Amino acid sequence: MAVVSSRVSPGVRRVTLGTGREAPVTGLLAEPEPGAGPARALVVALHGGGMSAGYFDGQAHPDVSLLALGSRLGYAVLALDRPGYGPYAGLVPDGRGVGEQARVLGRALEGFTDGAVLLLGHSFGGKVALALAAEERPHGLVGVDVSGVGHRPAVPVGRAARRTGFASRRLGWGPSFGLYPPGTFRASRSVVAPMPRREWESVGGWAAGGAEVLGRVRVPVRFTFAEHEAWWRHGPEDVDDLTGRLALAPRVQVDRLPGAGHNVSLGWAARAYHLRVLAFLEECLAAGGERAVSES
């Protein structure tokens, strides 16, 4: 069943992008107010598994929406329903794998971007963002910013496929509902969606296939791990190995986000996280060519 959020923040509008023979890609777009001048850059945001574009326009609290914040600060933000989600989900009932999604989204973005672009991905959307940067490289791409994704799973692959029960809720949301504004789970009902079969079946393949993808990314990359991230291993050895695989990226940065569960863009920490995303974008816009690997 397709899930479409009924509420959006002021200034956010729904858009549909053509993809050729594939099902259209839908999403939410927020731009600076008329008279504010052209957008400094475009953020293309890709949601995680079992969510939708509305993940980046949380309605539980005014501070949660990336679309509202980004447009207010002079950026355009385009949050997309990945293939297998949104109003046209029924045309792709089993979904698409990581590489296929990257190709479809690459076609959807052709002609849409005419300036600097940052790819932002959460969880499964982070994998797609990295693959998009490695294989399709949208026009104007300056960097990739991902959260809730690593390369070494912290839970058995079979458990990811089950996705039910209290334990799975802890994996997705963290140890306390207090990490999120009141009303988050009621408001989030309109942004959750069934995870397509081909997505959850591909979870185990990322550990091997992701290494190849990471090795082909040629733009700066930032990873964010929430304090209570439980899907992926992110200890010092894991992080060193992860960043080491990005040999062609001119800069790799790893940040920690305190007071956050896996779904970082829906919690109280969302504003701090989104501001860091935009700060990283500014750094990419002003970047030189030297490579730096840092962890803060």
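This is a guided tour of one predicted model, stop by stop, for you to follow in your viewer.

**Stop 1: the whole chain**

Start with everything selected and shown as a cartoon. Across the chain you can find ten helices and nine strands. The radius of gyration is 17 Å, close to the 19 Å that the globule rule gives for 296 residues, so the chain is as compact as a globular protein of that length. If you turn the model along its principal axes, the C-alpha atoms fill a box of roughly 50 × 45 × 40 Å.

Now switch on the surface. About 12300 Å² of the chain is accessible, and carbon and sulfur atoms hold 52% of that area. Buried residues make up 55% of the 296 residues. How much of the contact count comes from residues 24 or more positions apart? Among contacts with a separation of 6 or more, such pairs account for 81%.

Try colouring the charges next. The chain has 32 positive and 27 negative charges, and the mean positions of the two groups are 5 Å apart.

**Stop 2: colour by confidence**

Colour the chain by pLDDT. The mean is 90, and 91% of the residues reach 70 or more. Then select residues 288-296, where pLDDT stays under 50. The model has 24 contacts beyond four places in sequence for this stretch. Where pLDDT is low, the predicted coordinates should not be read in detail.

**Stop 3: His122 and Ser123**

Select residues 117-122, which form strand E5, and pick out His122 in that strand. Is His122 buried or exposed? His122 has a relative accessible area of 2%, so it is buried. Show what surrounds it: beyond its neighbours within four places in sequence, His122 is in contact with residues including Leu46, His47 and Gly48. Tyr55, Phe56, Ser147 and Gly148 are also among its contacts. To complete the picture, add His262, Asn263 and Val264, which His122 contacts too.

Step along to Ser123, in the loop between E5 and helix H3 (124-136). Ser123 is buried as well, with a relative accessible area of 15%. Check its backbone angle: phi is near 55 degrees, a positive value in a residue other than glycine. Most residues other than glycine have a negative phi.

**Stop 4: Arg137**

Follow the chain to the loop between H3 and strand E6 (141-147), and select Arg137 there. Here too phi is positive in a residue other than glycine, with a value near 45 degrees. How accessible is Arg137? Its relative accessibility is 42%, and that counts as partly exposed.

**Stop 5: Val104 in helix H2**

Select residues 98-109 to bring up helix H2, then highlight Val104 within it. Val104 counts as buried, because its relative accessibility is 3%, under the 20% cut-off. Leaving aside neighbours within four places in sequence, Val104 is in contact with Thr19, Glu22, Val25 and Pro83. For a distance exercise, draw a line from the C-alpha atom of Val104 to that of Gly70. These two residues are 34 apart in sequence and 25 Å apart in space.

**Stop 6: two loops**

Go to the loop between helix H7 (197-201) and helix H8 (206-214), where Val203 lies. Val203 is buried, with a relative accessible area of 14%. Draw a line from here to Pro153: the C-alpha atoms are 9.0 Å apart, while the two residues are 50 apart in sequence.

The second loop runs between helix H5 (165-173) and helix H6 (184-187), and the residue to select is Phe177. Phe177 is partly exposed, at a relative accessible area of 47%. What is the C-alpha distance between Phe177 and Gly267? The answer is 9.1 Å, for a pair 90 residues apart in sequence.

**Stop 7: Ala272 in helix H10**

Finish at helix H10, residues 270-285, and highlight Ala272. Ala272 is partly exposed, with a relative accessible area of 38%. Its C-alpha atom is separated by 21 Å from that of Val142, and the two residues are 130 apart along the chain.

Methods: Residues numbered from 1 in each chain as written. Predicted model: local features only at pLDDT ≥ 70, side-chain atom pairs only at ≥ 80, totals over all residues. Heavy atoms only, no water. Helix = DSSP H or I, 4+ residues; strand = E, 2+ residues; numbered from the N terminus. Rg over C-alpha atoms; globule rule 2.2 N^0.38 Å. Buried < 20%, exposed > 50% of the residue type's maximum accessible area, 1.4 Å probe, protein only. Contact = heavy atoms within 4.5 Å. Areas by Shrake-Rupley, 256 points an atom, 1.4 Å probe, with all protein chains shown as cover. Lys, Arg positive; Asp, Glu negative; His and termini not counted. Charge placed at Lys NZ, Arg CZ, Asp CG, Glu CD. pLDDT = per-residue confidence, 0-100.
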